[in-house]
Amino acid sequence: QVQLVESGGGLVQPGGSLRLSCAATGTIFKIYNMGWYRQAPGKQRELVAVITRGSSTNYTDSVKGRFSISRDNAKNTVYLQMNSLKSEDTSVYYCNADVWAPGRARDDYWGQGTQVTVSS
């Protein structure tokens, strides 16, 4: 069974940095796109960044120049380096992956979410 396990959230002061990690576990043939989403209280979940298997990336405008997404295909892991954090970045961050696993159709999987709080 495929699971996405996130780590790295926490409390940070404005201007600080955090690095999120998300590892896909289980038996996996291939992982296609991987991404990070976030959802603040009372708001819809939004795409933060996405990375293809070939490492092409795309970011939502509000994080361009501050966040960087990367992946390690050998470890089935995606990272989100967040710099110059602002209070408006406070959200629960969710990892997402498009996975092809044995005996299953290609499907979307989600992590459990990790809280990022930016506050002084």
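## Gly 35 in strand β4

Gly 35 belongs to strand β4 of this predicted model. Its relative accessible area is 1%, so Gly 35 is classed as buried. The C-alpha atom of Gly 35 lies 4.1 Å from that of Val 50, although 15 residues separate the two along the chain.

Beyond residues up to four places away in sequence, Gly 35 touches Ala 49, Val 50 and Ile 69, together with Tyr 94, Cys 95 and Asn 96. One of these contacts, Cys 95, is also half of the disulfide described next.

## The disulfide

The search of the whole structure returns one disulfide. Cys 22 and Cys 95 form this bond, with their sulfur atoms 2.1 Å apart. Cys 22 is in strand β3 and Cys 95 in strand β9, and the pair thus links distant parts of the chain, 73 residues apart. In general terms, such a link is a covalent bond between the sulfur atoms of two cysteines.

The torsion about the S-S bond of Cys 22 and Cys 95 is about -80°, and the disulfide is therefore left-handed. Cys 22 is buried at 0% relative accessibility. Cys 95 is likewise buried, with a relative accessibility of 0%.

## The nonpolar core

The largest nonpolar core holds 30 residues, among which Trp 36, Leu 80, Met 82 and Tyr 93 touch the most other members. Strands β3 (18–25), β4 (30–39), β5 (46–51), β7 (67–72), β8, β9 and β11 (114–118) each supply at least two residues of this core. As a general tendency, nonpolar side chains in soluble globular proteins are buried together.

## Asp 89, a buried acidic residue

Asp 89 is located in the loop between β8 (77–82) and β9 (91–100). Its relative accessible area of 1% is under the 20% limit, so Asp 89 counts as buried. The side chain of Asp 89 makes a polar contact of 3.0 Å with the side chain of Arg 38.

When neighbours within four places in sequence are set aside, the contacts of Asp 89 are Arg 38, Arg 66, Phe 67, Ser 84, Val 116 and Val 118. Ser 84, one of these contacts, is found in the loop between β8 and β9.

## Aromatic rings and charged side chains

Two aromatic pairs are found in the whole structure. One of them joins Tyr 37 and Trp 110 in an edge-to-face arrangement, with 4.9 Å between the centres and 65° between the planes. Tyr 37 is in strand β4 and Trp 110 in strand β10 (residues 107–110), so the pair ties together parts that are 73 residues apart in sequence. Both rings belong to partly exposed residues: Tyr 37 has a relative accessible area of 22%, and Trp 110 has one of 37%.

Two arginines are placed over tyrosine rings. Arg 45 lies over the face of Tyr 94, at 3.8 Å from the ring centre. The charged end of Arg 106 is positioned over the ring of Tyr 32, at 3.6 Å from its centre.

## Gln 112 and the N-terminal residues

Gln 112 is in the loop between β10 and β11. With a relative accessible area of 49%, Gln 112 is partly exposed. The C-alpha atoms of Gln 112 and Leu 4 are separated by 7.5 Å, while the two residues are 108 residues apart along the chain.

Apart from residues up to four places away in sequence, Gln 112 touches Leu 4, Val 5, Glu 6 and Tyr 94. For Glu 6, the backbone oxygen lies 3.4 Å from a polar atom of the Gln 112 side chain. Tyr 94, another residue touched by Gln 112, is the tyrosine whose face is covered by Arg 45.

## Positive phi angles outside glycine

Ser 55 has a positive phi of about 75° although it is not a glycine. Ser 55 is placed in the loop between β5 and β6 (57–59), and its relative accessible area of 43% makes Ser 55 partly exposed.

Ser 84 is not a glycine either, yet has a positive phi of about 50°. Ser 84 is in the loop between β8 and β9 and counts as partly exposed, at 41% relative accessibility. Ser 84 is in contact with Asp 89, which is itself buried.

How values were computed:
Residues are numbered from 1 along each chain as its sequence is written. This is a predicted model: local features need pLDDT of at least 70, side-chain atom pairs count only at pLDDT 80 or more; totals for chains, interfaces and linings use all residues. Side-chain values use heavy atoms; hydrogens and water are left out. Helices (H or I, at least four residues) and strands (E, at least two) are DSSP runs, numbered from the N terminus. Buried means under 20% relative accessible area, exposed over 50%, partly exposed in between (1.4 Å probe, protein chains only). A polar contact is a pair of N or O atoms within 3.5 Å; within protein, one must be able to donate a hydrogen and the other to accept it, and residues adjacent in sequence count only if both atoms are side-chain atoms. Contact means heavy atoms within 4.5 Å. A nonpolar core is a set of buried Ala, Val, Leu, Ile, Met, Phe, Trp, Tyr and Cys residues joined through side-chain atoms within 4.5 Å. Rings of Phe, Tyr and Trp (its six-membered ring) pair if their centres lie within 6.5 Å; planes under 30 degrees apart count as stacked, over 60 as edge-to-face and the rest as tilted. A charge sits over a ring if NZ of Lys or CZ of Arg is within 6 Å of the ring centre and within 35 degrees of the ring normal. A disulfide is a pair of cysteine sulfur atoms within 2.5 Å.
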